[in-house]
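These are my notes from a session with the model open. I kept to what could be looked up directly.

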Amino acid sequence: MSKLFSFSGTDVFFPGSSIYPNPKESSLLLSLGRDVDVYFPSHKRSRISAPFVFSGERFEPQPSIEVLPDECLFEIFRRLPGGQERSACACVSKRWLTLVSNIRRDEISDNKTTEALNLKDVDSEVEDQDVEGGGYLSRSLEGKKATDVRLAAIAVGTASRGGLGKLSIRGSNSKRGVTTVGLRAISRGCPSLRVLSLWNLSSVGDEGLREIANGCHQLQKLDLCHCPAITNESLLALAKGCPDLTDLTIEGCANIGNEGIQAIARCCPNLKSLSIKDCPLVGDQGIASLLASASYSLAKVKLQALNITDISLAVIGHYGKAVADLTLTSLPNVTEKGFWVMGNGHGLQKLKSLTVKACLGVTDLGLEAVGKGCPNLKQFCLRKCAFLSDNGLMSFAKAAASLESLELEECHRVTQFGFFGSLLNCGPKFKAISLVSCLGIRDLTLELPPLSRCESLRSLSICNCPGFGDASLAALGKLCPQLQNVELHGLYGITDVGFLPLLESCEAGLVKVNLSGCLNLSDKVVCKMADSHGWSLEMLNLDGCCKISDASLIAIAENCQLVSDLDVSKCAITDSGIAALAGSDLINLQILSVSGCSMISDKSLPLLGKLGQTLLGLNLQQCKAISSGAVDLLVEQLWRCDILF
C-alpha cells in the first residue's frame with residue numbers, strides 16, 4: 001500500500017506532538033482522551049476514508065482513493081508490479097477484492113515505470129512470474145464456507161503462490177452461495193486450473209460454467225454432481241473451451257442430455273475416463289457417439305441408472321478398444337441380447353475389470369459371451385443379477401482364461417454346485433473368490449469325488465451365506481490347498497468340525513484370517529491355527545466369537561511372532577489373556593481390539609502399557625470394567641498410540 005501512495009508512515013504524522021503549530025487550531029479536533037487528539041504512532045496508521053485539510057477556521061475535504069470509480073481502481077490494480085501487491089490490495093475491502101479478482105492474467109500491465117519502482121520490487125515480480133501459472137495448489141470449500149467472496153480470495157491468493165490446480169466445492173451457503181460471480185473470479189485468476197469438482201450446487205448454472213470454459217483452458221478433470229441448473233449449454237461451452245478434457249464425471253444432473261455428451265465427443269479427443277449416473281436425458285445417442293469418437297483413448301467407463309438400451313452395449317463391445325475398466329449398474333432397458341452382442345463385438349480386447357450390478361439382462365447366455373469376448377479379463381464382479389445360474393457361472397469361468405478374481409453378491413440362483421464348479425473350471429491364474437449374501441448356497445450333502453485341485457487360489461471370502469457349512473468348508477480345504485487369506489464372516493453353520501480340516505489342508509501357511517461372527521468356533525480352532533500357521537499369520541479377527549477365551553491368547557502369544565493385527569472384540573477374554581500377550585517376547589502387536597470384553601478391568605492397563613511399546617491402535621470401547629481415570633493415565637503413557645474408549 002505504501003508503494004501505491006508513496007507514503008512511508010513517518011513523514012506526515014508525528015507521535016507525541018500537536019499537528020498544528022498554532023494551539024488554537026487543535027481545538028477544532030474532537031478530543032478522544034487526555035493523550036489522544038487523532039494522531040497516530042509511527043508503527044500503525046489508520047485508514048482514512050475522507051481526509052480533511054484545514055484552512056483557517058474551515059474544513060476543506062480532500063479527495064480520497066475511495067471516491068475513485070471502479071474503472072480507475074481497476075487500472076491502478078492491474079498496473080501493480082506483482083501478485084503480492086495485488087493480494088495486499090484485495091485485503092482492504094470486499095470492493096477491492098472484487099476488482100482485483102476480476103483482472104485477467106492478460107490484462108496485467110507490464111508498464112516499465114511500474115516495474116522500475118525499485119530493484120527489489122523487480123526481483124520479487126520476476127519470482128512471482130516464475131511461480132504463477134504452475135497449478136500446484138489445491139483448495140476445497142464445503143457447506144457454509146462455499147461463497148463467492150471465498151472464491152475471489154482463492155483466485156487472488158493462489159495466483160502468486162504456485163497457481164490453483166485443483167478446486168473442489170461441495171455444498172453451498174444457503175444465503176450467500178456460490179454463483180457465477182465466484183466462478184468468474186476463478187476463471188480470470190486461475191487459468192492453470194486442471195481439476196474442478198462441483199457438488200450439490202443449485203445456484204450454479206450455465207453462465208458460471210461458461211466463465212470456466214472461457215478462462216480455464218487447461219481443465220482436464222470435471223466432476224458435476226447434483227447441479228440441477230446445469231444444462232447441455234455448459235457442456236457445449238466446456239467442450240469448445242477445454243479440449244484437453246480427459247476425465248468427465250456427471251451425476252444427478254437432470255438437464256444434461258445427449259447434445260452435451262455429443263459435444264464432448266466432437267471436441268475432446270483425449271477423453272480417458274467417463275462416468276455418468278442418474279441423468280435421465282442421456283441415452284443411446286450420447287453414449288454411442290462418445291464411445292465411437294474416443295475409441296482409442298477411453299479407458300474407463302461407468303454407466304449407472306441411464307435410459308440406454310442394447311444399442312449402447314453393442315457400441316461398447318465394438319468400439320471399446322481401449323476400455324480397461326467397465327462398470328454397468330442399474331440399466332433396466334438392457335436385455336440379454338445387449339450383453340451377448342457386447343461379448344461378440346470383439347472390441348473389448350483390453351478389458352481387465354468388469355463390474356455388473358442390478359442388471360436383469362445378465363443371463364447365462366450373455367455371460368458366457370462376455371467371457372469369450374474379453375480374453376484379458378482379470379477381475380469380475382456380479383451383484384444382484386437375479387437370472388444368473390450355475391451353468392452360466394461355470395461357462396464363464398471356463399471361457400475367461402485370464403480371470404484372477406471373481407466376486408458374487410446377492411446372486412441367489414447360484415448354488416454350491418456353481419461355486420465349486422467355477423473353481424474346477426477356472427484358469428491357472430485364478431487367485432481370489434468372494435461370495436456375499438448368496439442365499440442359494442447350501443452345505444454339501446454328498447462328498448465330492450476325487451478332483452484336480454485348484455492350486456492357484458490364494459484368497460477366499462464367504463460372507464453372510466447362512467447355508468454354507470462344515471461339509472463345504474472341509475471340501476474347500478482339500479480343493480484349494482494354497483489358501484493364504486481366509487474370510488468367513490457371519491457363518492453360523494461353521495464349527496470346529498469343518499474348520500479344523502481346512503487348517504490341516506492348507507499347505508502355504510495362512511497370513512490373514514477373519515472369522516468375525518462365527519459364533520460356534522472355539523479355542524481348538526485358534527490353538528490349532530497358532531500351532532500350524534503361527535509362523536506365517538499376520539492378521540487375526542475373532543470379533544464376536546463368544547467361545548474364544550484366554551486359552552487362544554496364550555497360544556497366540558507363544559506361537560504367532562508375526563501377528564500385528566489382533567481383534568478379540570466381544571470374546572470371553574479376561575485380564576489373564578492380556579497378561580499372556582504382555583508377557584510374550586515374540587509378539588509385536590500394532591493393532592489390538594478388545595472392544596466389548598466386559599471381563600477386562602483396570603488390572604490390564606499396566607500390561608497394555610507394556611504392549612504399547614509397539615502398539616499404534618488400541619480399542620477399549622464398551623469395556624465396562626475399565627475406568628475412565630485409568631484410561632487417562634494410559635493415554636499419557638502411550639502418547640503415540642490411538643486409543644478408543
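Where do K372 and E368 lie, and how many residues apart are they? I found both in helix 16 (residues 364-373), with their positions 4 residues apart in the numbering, about one turn of the helix. Their side chains form a salt bridge, with an N to O distance of 3.3 Å. I then looked up accessibility for the two partners. K372 counts as exposed, because its relative accessibility is 56%. E368 has a relative accessibility of 25% and therefore counts as partly exposed.

**Confidence**

I note here that the model is predicted. The average pLDDT of the protein is 84, and 84% of the residues score at least 70. Residues 1-55 have a pLDDT below 50, and I recorded 61 contacts for this stretch beyond near neighbours in sequence. Residues 112-133 also have a pLDDT below 50, with 27 contacts in the model beyond near neighbours in sequence. I leave the detail of such stretches alone, because predicted coordinates should not be read in detail where pLDDT is low.

**Whole protein**

I counted 25 helices and 22 strands in the protein. Of its 645 residues, 51% are buried. I also looked at contacts between residues at least 6 apart in sequence; 81% of these join residues at least 24 apart. The accessible surface comes to about 29600 Å², and carbon and sulfur atoms account for 53% of that surface.

**Other salt bridges**

How many salt bridges does a search of the whole structure find? The search gives 9.

I looked next at R383, which pairs with E407; the closest N and O atoms are 3.1 Å apart. R383 is in strand 12 (residues 379-383) and E407 is in strand 13 (residues 405-409), so this salt bridge ties together parts that are 24 residues apart in sequence. Both ends are partly exposed, R383 at 25% relative accessibility and E407 at 23%.

A further entry is R453 with E455, whose side chains meet in a salt bridge at 2.9 Å, N to O. R453 is partly exposed at 41% relative accessibility, and E455 is partly exposed at 34%.

I also noted a network of salt bridges that links R184, E207 and E211.

**Cysteines**

How many disulfides does the structure hold? I found 0. C227 is in no disulfide, and the nearest cysteine sulfur, that of C253, is 5.2 Å away. C227 is at 0% relative accessibility and so counts as buried.

Why is the sulfur of C267 not in a bond with that of C268? The sulfur of C268 is the closest cysteine sulfur to that of C267, but the two are 6.2 Å apart, which is too far for a bond. C267 is partly exposed, with a relative accessible area of 26%.

**E336**

I picked E336 and listed its surroundings. E336 is in helix 15 (residues 336-344) and is partly exposed, at 34% relative accessible area. Leaving aside neighbours within four places in sequence, I found E336 in contact with G361, T363, L365 and G366. For T363 there is also a polar contact of 2.5 Å between its side chain and that of E336. I checked C359 as well: it is 23 residues from E336 along the chain, and their C-alpha atoms are separated by 9.6 Å.

**Helix 23**

Why do I enter helix 23 as largely enclosed by the rest of the structure? The helix spans residues 575-582, and 6 of its 8 residues are buried, so the entry stands. The buried residues are D575, G577, I578, A580, L581 and A582.

What covers these buried residues of helix 23? I found that the cover includes two helices, helix 22 (550-559) and helix 24 (605-611), together with strand 19 (565-567) and strand 20 (591-593).

How values were computed: Residues are numbered from 1 along each chain as its sequence is written. This is a predicted model: local features need pLDDT of at least 70, side-chain atom pairs count only at pLDDT 80 or more; totals for chains, interfaces and linings use all residues. Side-chain values use heavy atoms; hydrogens and water are left out. pLDDT is the predictor's confidence in each residue, from 0 to 100. Contact means heavy atoms within 4.5 Å. A disulfide is a pair of cysteine sulfur atoms within 2.5 Å. Buried means under 20% relative accessible area, exposed over 50%, partly exposed in between (1.4 Å probe, protein chains only). A salt bridge is a side-chain nitrogen of Lys or Arg within 4 Å of a carboxyl oxygen of Asp or Glu. Accessible areas come from the Shrake-Rupley method with a 1.4 Å probe; for residues, only the protein chains shown count as cover. A polar contact is a pair of N or O atoms within 3.5 Å; within protein, one must be able to donate a hydrogen and the other to accept it, and residues adjacent in sequence count only if both atoms are side-chain atoms.
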